[in-house]
Amino acid sequence: MNATLTAVEGLRVGHWSDPAARTGVTVILCPDEGCVASASFAGPSPGTREAALLAPDKRVERVHALVFTGGSAFGLAAADGVVRFLHERGVGHPTRMGPVPIVPAAVIYDLLVGEPAWPGPREGYAAAAAASADPVTAGAVGVGAGATAGKYRAPVPTGLGSALARWRDLSVGALAVVNPVGDVYAPDGRLLAGHGDREAWMRAEPRPGEHTTLVALATAAPLDKREARMLAGAGQAALGRVIRPSHTPWDGDAVFVLSTGRGAAAPLAALSALVQEAVCAAVTAAAG
C-alpha cells in the first residue's frame, strides 16, 4: 500500500542523485491540467523560483510541476530542464503562442557536504523523466542526498521523507527534505537527528543562508489559492513539533500546497489537521 505523496492520484515523483557530490533534485509532476497551488515562506533566506505567482492575489492559479533541488541558487537551473520536459509534451498554462509550463522551485544549501557540484537543466530533465506514481523513495536520494541537521554543532545526515495522513476518505500527502540548523525529534520527544545540546545551541552563531526545510503537501480535495495558502501556514506550524528550534533567523523554510481538485470537497479544519500529521510523519521519515 502506498503511504506517500504519490498516493494522491495524478501526482508523480522522480529523483536524480549524485552520491559523490551529495546533491540531487526531486521533481513532483502534477496532472497535465496542473494543480492549484500556494505556499508559505518562513525565515530570511529562502531560495526560490516562481514563488511570487503562488500568492493568492496573483492571476495564475495552477502549476504543472514543483522542483526541490540541492545546489543553493545554482540549483534553481534544474527547473529549466523540467520546463523543457513539460513543453515537449504540450503541458502548460495556455497562452496565444501555446502552453507555458509553470514550475516553481526551491533549494537547499548542500554545497559543503560533498564534491562542489549542483544539479542543472539536464539533471532536472532526468528527474522529471524518472517520475512515477510508485511510492516515493526516501532517504539520501534526490534533493535529500546532501541534507543535514544539527548544524549549530556538526552536521548530521538526514534526507528526504514522504508520508500520507488519512481520515475516512480524505487524505493529505507530504514530501519533506530536512536541512535545518536545529535538531529533528519524533513527536514523542525522541531525538532523531542532531545533538539535543541546548547549551551549545544557546552559544551558537550559525551561518545564515545554509539551512532550510522544504515541504510539499498534496490533496485531491478542491482548494482555491487562499485555502491552499492557509494550509501551507498549518504546515509551517507543524515543523515546530518535530524540528527544534525551528524557523530560526538562519532557516528559510518553505511549505507548498498542491490541490489536484479531483476529489470531493472537504472541511478545512480536517485538512489542516491532516496537513500537520503528514508534515510530522514526513519529517521524521526523512530523519530516520
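His247 sits in the loop between β15 and β16. I start there on purpose. This is a predicted model, and that loop has some backbone worth a look.

Take His247 itself. Its phi is positive, about 50 degrees, and it is not a glycine. Most residues other than glycine have a negative phi, and most peptide bonds are trans. Is His247 buried or exposed? Neither: it is partly exposed, because its relative accessible area is 30%, and the partly exposed class runs between 20% and 50%.

Now Pro245. It is also placed in the loop between β15 and β16, the latter covering 254-259. The peptide bond from Arg244 to Pro245 is cis. Omega there is near -15 degrees.

Go back one step, to β15. That strand is 243-244, and it is an edge strand. Which sheet is it in? An open one of 3 strands, in the order β13-β12-β15, with antiparallel pairing. Strands of a sheet pair through backbone hydrogen bonds, either parallel or antiparallel. The other edge is β13, residues 191-193. Each edge strand pairs on one side only. Strand β12 covers residues 183-185 and pairs with β13 over 2 bridges. If you want to find that pairing on screen, look for Tyr185, which stands opposite Leu191 in β13.

Next, the other end of the chain. Strands β1 and β2 form a hairpin with 4 residues between them. They run antiparallel, and 7 bridges join them. Ser17 stands opposite Gly24 in β2. β1 is 12-18 and β2 is 23-29, with Arg22 in the loop between. What is the phi of Arg22? Positive, about 50 degrees, although Arg22 is not a glycine. Arg22 counts as partly exposed because its relative accessibility is 26%, and only values under 20% count as buried.

On to the interior. The largest nonpolar core has 35 residues. Which of them touch the most other members? Leu217, Val279 and Val283. Six elements come up here. Those giving two or more residues are β10 (160-167), β11 (170-179), β14, α4 (225-242), β16 and α5 (268-287). Helix α5 gives the most, with 11 residues.

There is a second, separate core of 30 residues. Leu5, Ile28, Leu53 and Leu175 are among its members.

Let me stay with Val279 for a moment. Set aside its neighbours within four places in sequence. Val279 is then in contact with Ala174, Val215, Leu217, Gly235, Ala238 and Leu239.

Last topic: empty space. Rolling a probe the size of a water molecule over the atoms shows where empty space is left. How many cavities of 30 Å³ or more does the whole structure have? The search finds 1. Its volume is about 30 Å³. Val172, Leu217, Ala218, Thr219, Leu231, Val257 and Val275 line this cavity. Leu217 is a name you have heard already: it is one of the residues that touch the most other members of the largest core. The lining divides into 6 nonpolar residues, 1 polar and no charged. Strand β14, residues 212-219, supplies the largest share of the lining, 3 residues.

To recap. In the β15 to β16 loop, look at Pro245 and His247. In the hairpin of β1 and β2, look at Arg22 in the turn. Inside, start from Val279 and its contacts, Leu217 among them. That's it from me.

Definitions and conventions: Residues numbered from 1 in each chain as written. Predicted model: local features only at pLDDT ≥ 70, side-chain atom pairs only at ≥ 80, totals over all residues. Heavy atoms only, no water. Pairing = 2+ DSSP bridges. Buried < 20%, exposed > 50% of the residue type's maximum accessible area, 1.4 Å probe, protein only. 1 Å grid on protein atoms, 1.4 Å probe; cavity = no way out; pocket = protein on both sides within 12 Å on 5 of 7 lines; lining within 4 Å. Points joined across faces, edges and corners; volume = space filled by probe spheres on them. Nonpolar A, V, L, I, M, F, W, Y, C, P; charged D, E, K, R; others polar. Core = buried A, V, L, I, M, F, W, Y, C linked by side-chain atoms within 4.5 Å. Contact = heavy atoms within 4.5 Å.
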